[in-house]
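Here are my notes on this model, as numbered points. Please read them with the coordinates open.

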Amino acid sequence: MTLSSVPIGVTVNGDEHEFAEPLTIRELLERLDLPCRGVALAVDGAVFPKSRWDEPVGRGWQIEVLTAVQGG
């Protein structure tokens, strides 16, 4: 088994997902029908800037997709 054939497992908003091939954060959001606009991301508890969304997703990442809400 080659490294590229090992599934990429990540957790997004508490739900586990596996992908057969490498993908970027943008591609991940599209595949999961999550918005790319008006959201912020945290990876393993740290802010993940939008300038890095075209980088490959790492195995085992814990990703939180955060949206702003109004009110108080």
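1. Salt bridge count. This is a predicted model. It holds three salt bridges. Side chains of opposite charge can pair when their charged atoms come close. The next three points take the pairs one at a time.

2. R31 and E21. These two side chains meet in a salt bridge, with an N to O distance of 2.5 Å. R31 lies in helix α1, which covers residues 25–31, and E21 sits in the loop between β2 (15–19) and α1, so the pair ties together parts that are ten residues apart in sequence. How accessible are the two partners? R31 counts as partly exposed, at 46% relative accessibility. E21 is also partly exposed, at 31%.

3. R26 and D54. Here the closest N and O atoms of the salt bridge are 2.8 Å apart. R26 belongs to helix α1, while D54 is in the loop between β4 (46–48) and β5 (62–67), so this pair links parts that are 28 residues apart in sequence. The partners fall into separate accessibility classes. R26 has 27% relative accessibility and counts as partly exposed. D54 has 52% and counts as exposed, because the cut-off for that class is over 50%.

4. R52 and E55. The closest N and O atoms in this salt bridge are 3.1 Å apart. R52 is partly exposed, at 34% relative accessibility. E55 is partly exposed as well, with a relative accessible area of 32%.

5. The nonpolar core. Which residues have the most contacts inside the largest nonpolar core? They are V10, I25, L28, L41, W61 and I63, in a core of 17 residues. At least two residues of this core come from each of β1 (8–12), α1, β3 (39–43) and β5.

6. I25 up close. Leave out residues up to four places away in sequence. I25 then touches L41, F48, W53, E55, V57, W61 and I63. Three of the core residues named above are on that list: L41, W61 and I63. E55, the salt-bridge partner of R52, is there too.

7. T24. This residue is placed in the loop between β2 and α1. Is T24 buried or exposed? T24 is buried, with a relative accessible area of 15%. Beyond its neighbours within four places in sequence, T24 contacts W53, D54, E55, P56 and V57. Among them, D54 forms a salt bridge with R26.

8. Strand β1 and its partners. β1 is mostly covered, with four of its five residues buried. β1 runs antiparallel to β2, and five bridges join the two. One bridge pairs I8 with F19 in β2. The two strands form a hairpin with two residues between them. In the turn, N13 has a positive phi of about 50°. β1 also pairs with β5, in the parallel sense, over two bridges. There, V12 has I63 as its bridge partner.

9. T11. Strand β1 contains T11. At 13% relative accessibility, T11 counts as buried. What does its side chain meet in a polar contact? The partner is the side chain of Q62, at 3.5 Å. Not counting residues up to four places away in sequence, T11 touches E16, W61, Q62 and I63. Of these, W61 and I63 are also among the core residues with the most contacts.

Key: Residues numbered from 1 in each chain as written. Predicted model: local features only at pLDDT ≥ 70, side-chain atom pairs only at ≥ 80, totals over all residues. Heavy atoms only, no water. Salt bridge = Lys/Arg side-chain N within 4 Å of Asp/Glu carboxyl O. Buried < 20%, exposed > 50% of the residue type's maximum accessible area, 1.4 Å probe, protein only. Core = buried A, V, L, I, M, F, W, Y, C linked by side-chain atoms within 4.5 Å. Contact = heavy atoms within 4.5 Å. Polar contact = N/O pair within 3.5 Å; in protein donor to acceptor, adjacent residues only side chain to side chain. Pairing = 2+ DSSP bridges.
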